[in-house]
Amino acid sequence: MLKKFFISVVLLIAVLSFVVSLIRGNNSGTKSVSTPDRVAVISIEGAILSGDGRESLFNKTAGVTSGSIMRQIRESAEDKSVKALLLRIDSGGGSATAAEEISRELKRFKEDSKKPVVAALGNMGASAAYWIAACESDKIYANSTTLTGSIGVYMPYMNVEELFRKIGITSNKIKSGPYKDIMSGDRPMTLEEKAILQEIVNEIYTGFVKVVAEGRKMNEAKVRELADGRIYTGEQAQKLGLVDELGNYYDALAAAGKLGGIEGMPPVKEPDRQSPLEMLFASEMAKAVQFSIIRQITGDVQMENTPKAER
C-alpha cells in the first residue's frame, strides 16, 4: 500500500512538472530570437543572509541570501545581452559575511566583464546593504527620504540569568575551554570575553570602512568620521559623498543603460518568475500531495481499526 502511494505521488509530480514545462516552453516561444542590449536588475530586499537560498515548493527564504545574489551576478556576467548591472536595494542590512561574499562577486564581475554597476536605494539601504551598494558601484542613486549609512558592526547578546532564577531554571554546562560559551545568555560576560568580541567587531568594522573608502574614493579617515553607526537621509548622504545622485529606480536604470552604451530607457533582465498558471499548478500539486498523504494515513488507520472478517 505504501509503495503504491509513493509511486502515485511521483507520477503526479512528474505529470504536473511536464505541464508546467510545456507552459514555460510556450511562453518562451513568443520571445524574440534576437535579444536586445539590456540592463540586468537584481533586487536585494529584506534581511541579507549568508547561505545558498535555493527555494523549493515547500520552502521559501525570507529576505535574500548571498547565494542567490551571487548566482544572478554570475549569470549577468555571462549574458552577452547584459551591458550593465543595476542593484535595486531596499534593505536595512544583515550579515556582514553575506555582504562580503556579494561584494567579492561584484568585484569579480567588474574585473572580468568590464560592465558598469549602478545601485538604486529605496526606503532603506543601510549597514550591510550599504556595504554592497558602496563596494563596486559606479553610481549610487537614492531618494531624498531614503535611510542609508549605518556604517558599523555590532554583536547582540542577552543575559537572562535573573529571569531563569525567578522561574527556577538552573543552567549548567561542561565546556572544553574558558571561552567556549563566550556569548552564553545565562551568565554575565567577563571583561576578557568582552575584549575578545570587541576585537572581532573592530576588525570587521575596519573592513567595512575600507570597502566604503575604496568604493566611494574617499579618505579612510573621513569615512570613519561618518561611520559611527548613524543613519542618514538620501539628501544628507549625497552632501557627505555617500551617494551620487538623488533619483528613483528609473533614474538609476537610465543611468545604468547610458553607462552600458544603451540609448534611451533600456530593456531589463530580471530573474525568471513563475507565471500565474505555473503558480496555480504548483499550488494544486502541493494540495494533491497533501491530500494523498492525509488520505493514505487516515486510510491506514481506518483499515487497522476495522474488524477483520473471520474465515
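Modeller: A surface patch is built from residues with over 30% relative accessible area and no salt bridge, like charges being joined within 9 Å and nonpolar side chains (Val, Leu, Ile, Met, Phe, Trp, Tyr) within 5 Å. A salt bridge is a side-chain nitrogen of Lys or Arg within 4 Å of a carboxyl oxygen of Asp or Glu. This is a predicted model, in which local features need pLDDT of at least 70 and side-chain atom pairs pLDDT 80 or more, while totals for chains, interfaces and linings use all residues. Residues are numbered from 1 along each chain, and side-chain values use heavy atoms, without hydrogens and water.

Colleague: Which residues form the nonpolar patch on the surface?

Modeller: Met 155, Tyr 157, Tyr 179, Met 183, Ile 196 and Ile 200 form it. Together they have about 500 Å² of accessible area (Shrake-Rupley, 1.4 Å probe, only the protein chains shown counting as cover for residues).

Colleague: Why is Ile 196 called partly exposed?

Modeller: Its relative accessible area is 31%. Buried means under 20%, exposed over 50%, and partly exposed in between, so Ile 196 gets the middle label. Ile 196 lies in helix H6, residues 191-216 (helices are DSSP runs of H or I with at least four residues, strands runs of E with at least two, numbered from the N terminus).

Colleague: What makes Ile 42 count as buried?

Modeller: Ile 42 has 1% relative accessibility, and therefore counts as buried. Ile 42 is found in strand S1, residues 38-45. Beyond four places in sequence, Ile 42 touches eight residues' worth of neighbours listed as Ile 69, Gln 72, Ile 73, Ser 76, Leu 85, Leu 86, Leu 87 and Arg 88, a contact being heavy atoms within 4.5 Å. The C-alpha atoms of Ile 42 and Pro 271 are 7.7 Å apart, across 229 residues of sequence.

Colleague: Which members of the largest nonpolar core touch the most others?

Modeller: Ile 48, Leu 85, Leu 87 and Leu 242 do, out of 44 residues. Helix H4 (residues 128-136) gives the largest share, eight residues. Such a core joins buried Ala, Val, Leu, Ile, Met, Phe, Trp, Tyr and Cys residues through side-chain atoms within 4.5 Å. Leu 87 touches residues including Leu 106, Val 117 and Ile 132.

Colleague: How do you know where pLDDT is below 50?

Modeller: pLDDT is the predictor's confidence in each residue, from 0 to 100. The chain averages 84, and 73% of the residues score at least 70. Residues 23-32 are below 50, with seven contacts beyond near neighbours in sequence. Residues 274-283 stay under 50 too, with 14 contacts beyond four places in sequence. Where pLDDT is low, predicted coordinates should not be read in detail.

Key
Buried means under 20% relative accessible area, exposed over 50%, partly exposed in between (1.4 Å probe, protein chains only).
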